[in-house]
Amino acid sequence: SDTVTILGLESSCDDTAAAIVRHRAGQPPEILSSIVAGQAELHEAFGGVVPEIAARAHTEKLDLCVEEALDEARLSLSEVDAIAVTAGPGLIGGVLAGVMLAKGIAAGTGLPLIGVNHLAGHALTPRLTDGAAYPYLMLLVSGGHCQFLLVEGEEDFTRLGGTIDDAPGEAFDKTAKLLGLPQPGGPSVEVEAKSGNPARFKLPRPLLDRPGYNMSFSGLKTALLRERDKLVERDGGLHVQDRTDLCASFQAAVADVLAEKSRRALAEYMGRKPAQPVFAVAGGVSANMTIRAALETVSAAAGAQFLAPPLRLCTDNAAMIAWAGIERFRAGHRDDMSLMARPRWPL
Ligand code: KG4
Ligand code: ZN
């Protein structure tokens with residue numbers, strides 16, 4: 001029929017999520033429900049996501065999330081057309097928990113099963129939120145990922161380049177840790193940076209002068225550590241202004257690198273003369289207002305529409321998985337009980 005309703009499941013990192021998305025051909029898709037249960041408090045004491053704890057929490061919470069997603073959408077499983085599930089990449093225990101539950105539901109109901117690549121979920125989000133037309137340019141920038149993608153179809157992604165070491169979110173988190181700020185580091189560094197001087201510390205812009213779209217963020221963190229230690233040695237500790245200046249200088253360096261590489265990726269993309277040029281971002285780091293503003297500026301200069309979806313759809317969620325499922329379903333793709341969890345699965 002011309003209406004497709006899909007239940008999506010996501011459990012590849014530290015968010016357990018279930019969502020229902022409905023799409024009537026020719027209409028904008030509708031997110032009927034999107035439930036996300038975070039696990040931050042479970043991992044807090046360990047300073048990072050503990051895979052074993054994450055997997056157990058997913059197993060405990062996934063079916064509750066599914067029930068809640070169905071309740072909120074006022075649907076029963078018999079009104080759903082297929083189950084889409086993140087089959088990778090991610091932490092194997094969590095991905096397995098999702099794939100097993102999806103297989104269980106598929107076996108019990110006879111519904112088709114569709115495996116979705118988590119990165120494809122992020123990359124297809126601007127189609128869910130704004131109906132972006134192919135081909136568009138995407139910058140996926142989160143705690144685990146940083147890459148430019150040319151998106152030409154629901155299974156047609158070209159990776160133009162990306163980080164060769166840390167993801168920017170990881171760099172924000174490590175910076176927060178170095179400066180004694182709470183996790184997740186992105187939001188706390190952004191708040192501090194508001195009252196800081198971004199020009200005080202000359203932090204490196206790694207690979208900025210190299211051709212291509214690759215980036216590096218681990219050197220930035222080392223440089224920051226050096227500046228911090230110099231101040232601590234001199235003054236016996238960090239003054240409030242030192243900390244805010246360090247945060248502002250760090251954030252400016254990340255924004256500069258992302259903006260300059262985006263400018264170049266946009267030049268290549270615009271060279272293809274897309275009919276409706278779009279530059280879209282996704283991932284937790286795209287919540288950062290300084291970074292967003294820098295990206296929006298280069299996008300406007302290149303003549304592309306800039307799309308930054310609402311944050312709840314930029315960070316991990318199952319609506320993006322359900323939507324990617326709808327796109328694959330419409331393209332005729334079906335998986336069966338042989339669907340495997342793939343901890344590594346490049347686009
Ligand atoms: O997409 P996400 O929720 O999860 C994955 O990594 O897949 O991204 C989380 C990352 C964390 O590293 C967090 O510090 C960063 O996004 N983040 C931010 C901001 N909000 C979240 N980074 C910079 N500025 C922010 N406002
Ligand atoms: Zn993600």
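Which elements cover the buried residues of α3? Among them are β1 (3–10), α2 (51–73), β4 (82–88) and β5 (113–117), where covering is judged by contact, that is, C-beta atoms placed from the backbone lying within 7 Å. Before we zoom in, please note that this is a predicted model, in which local features need pLDDT of at least 70, side-chain atom pairs count only at pLDDT 80 or more, and totals for chains, interfaces and linings use all residues. Residues are numbered from 1 along each chain as its sequence is written, while chains are lettered from A and ligands numbered from 1 in the order in which they are written.

**View 1. Helix α3 covers residues 92–109.** Helices are DSSP runs (H or I, at least four residues) and strands are E runs of at least two, numbered from the N terminus. The 18 residues of α3 should span 26 Å at 1.5 Å a residue (1.5 Å times one less than the number of residues), and the end C-alpha atoms agree, being 26 Å apart. Its buried residues (20 or more other C-beta atoms within 10 Å of their own, placed from the backbone) include L96, V99, L101 and I105. After the helix comes G110, with a positive phi near 80°.

**View 2. Ligand 1 has 20 residues around it.** A residue joins this shell if its C-beta atom, placed from the backbone, lies within 6 Å. The closest are G143, G169, G186, G284 and N288. Helices α6 (168–178) and α7 (185–193) each supply at least two shell residues.

**View 3. Ligand 1 lies between two domains.** Domain 1 (3–131 + 315–330) and domain 2 (143–312) both give residues to its shell, so the ligand sits between them; the bounds come from an automatic or database domain assignment.

Methods
Buried ≥ 20, exposed ≤ 12 C-beta atoms within 10 Å, placed from the backbone. Contact = placed C-beta atoms within 7 Å.
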